[in-house]
Amino acid sequence: GRAVRAEAVAIRSGVALSAGRPLASIPFAPPILALPQHRTEALLRARLGELAPGALRAGTEFVGLEARADRVALDAVHGAGSLAVDAGVLVGADGIRSTVRSLAGIPLRQLRGTAAYAMADAPDTTGAEGVAQLHLEPAGIVESFPLPGGRRRWVARLPSPE
């Protein structure tokens, strides 16, 4: 909590633009807090280390679960050995191909299609502090949002995934 709020940039609104002119805007209340992924992970690891030293087992593969009345039993493989963990809470934060979701029997509605994006972090010279921008132009869409340290992330959808 506090460490994230201290480092993050508060994005207080979003604006859609075309040819440099605003088309629409929306306030974010509460604001969205933006941090680069590597800082988010570092802060989460540090906080987990404070709350439960040794609880993080990097390189462990989750392979099974059994839901019980108020607990969940987890099975995992770590290196050449296996690991059994009894937990009160299971959080599946393992991406689009989530093993946690699959083993828990939670369906995923997949949409067909492919898309490719280019991302770049650069010094923010927009003068739009605390504002996410969506540029809607004839050649395509580019979004950007502020990051800490006076930087901005730019994301452009590419015409094809190649």
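Let's start with burial: a residue counts as buried under 20% relative accessible area, as exposed over 50%, and as partly exposed in between, using a 1.4 Å probe and protein chains only. By that yardstick Asp-124 is partly exposed, at a relative accessible area of 23%. We'll come back to this residue and its partner.

A word on what you're looking at. This is a predicted model, in which local features need pLDDT of at least 70 and side-chain atom pairs count only at pLDDT 80 or more, while totals for chains, interfaces and linings use all residues. Residues are numbered from 1 along each chain as its sequence is written, and side-chain values use heavy atoms, with hydrogens and water left out.

Now the overall layout. The protein chain has 3 helices and 9 strands; these are DSSP runs, H or I of at least four residues for helices and E of at least two for strands, numbered from the N terminus. Walk along the sequence and you get α-β-β-α-β-β-β-α-β-β-β-β. The radius of gyration of the protein chain is 20 Å, whereas a compact globule of 162 residues would come out near 15 Å. That radius is taken over C-alpha atoms, and the globule rule is 2.2 Å times the number of residues to the power 0.38. Along the principal axes, the C-alpha atoms fill a box of roughly 55 × 40 × 30 Å.

What share of the 162 residues is buried? Buried residues make up 20% of them. The accessible surface of the protein chain is about 11,700 Å², and carbon and sulfur atoms account for 57% of it; the areas come from the Shrake-Rupley method with a 1.4 Å probe, and for residues only the protein chains shown count as cover. As for contacts (heavy atoms within 4.5 Å), take those between residues at least 6 apart in sequence: 47% of them join residues at least 24 apart.

On to the charges. There are 18 positive and 15 negative ones in the protein chain, and their mean positions are 4 Å apart. Lys and Arg count as positive, Asp and Glu as negative, with His and the chain ends not counted; each charge is placed at NZ of Lys, CZ of Arg, CG of Asp or CD of Glu.

Some of these charges pair up: a search of the whole structure finds 7 salt bridges, each a side-chain nitrogen of Lys or Arg within 4 Å of a carboxyl oxygen of Asp or Glu. One of them joins the side chains of Glu-7 and Arg-39, 2.5 Å from N to O. Glu-7 sits in helix H1 (residues 2-7) and Arg-39 in helix H2 (residues 37-51), so this pair ties together parts that are 32 residues apart in sequence. Both ends are partly exposed, Glu-7 with a relative accessible area of 28% and Arg-39 with 26%.

Back to Asp-124, whose side chain meets that of Arg-152 in a salt bridge (3.0 Å, N to O). Arg-152 lies in strand S9 (residues 151-158) and Asp-124 in the loop between strand S6 (116-123) and strand S7 (131-137), so the two tie together parts that are 28 residues apart in sequence. Is Arg-152 buried or exposed? Arg-152 is buried, with a relative accessible area of 0%.

A third bridge runs between Arg-68 and Asp-86, with the closest N and O atoms 3.7 Å apart. Here Arg-68 is in the loop between strand S3 (60-67) and strand S4 (72-78), and Asp-86 is in strand S5 (residues 81-87), 18 residues apart. Both residues also belong to a salt-bridge network with Glu-66 and Arg-71.

Strand S3 is also home to Leu-65, which counts as partly exposed at 24% relative accessibility. Leaving out residues up to four places away in sequence, Leu-65 touches Val-72, Ala-73, Leu-74, Leu-90, Val-100, Leu-103 and Ala-104. Its C-alpha is 9.4 Å from that of Val-85, 20 residues apart in sequence.

Finally, two backbone details. Ala-19, in the loop between strand S1 (9-18) and S2, has a positive phi near 55° despite not being glycine, and counts as exposed at 57% relative accessibility. Further along, a cis peptide bond joins Ala-29 and Pro-30, with omega at about 5°; Pro-30 lies in strand S2 (residues 21-34).
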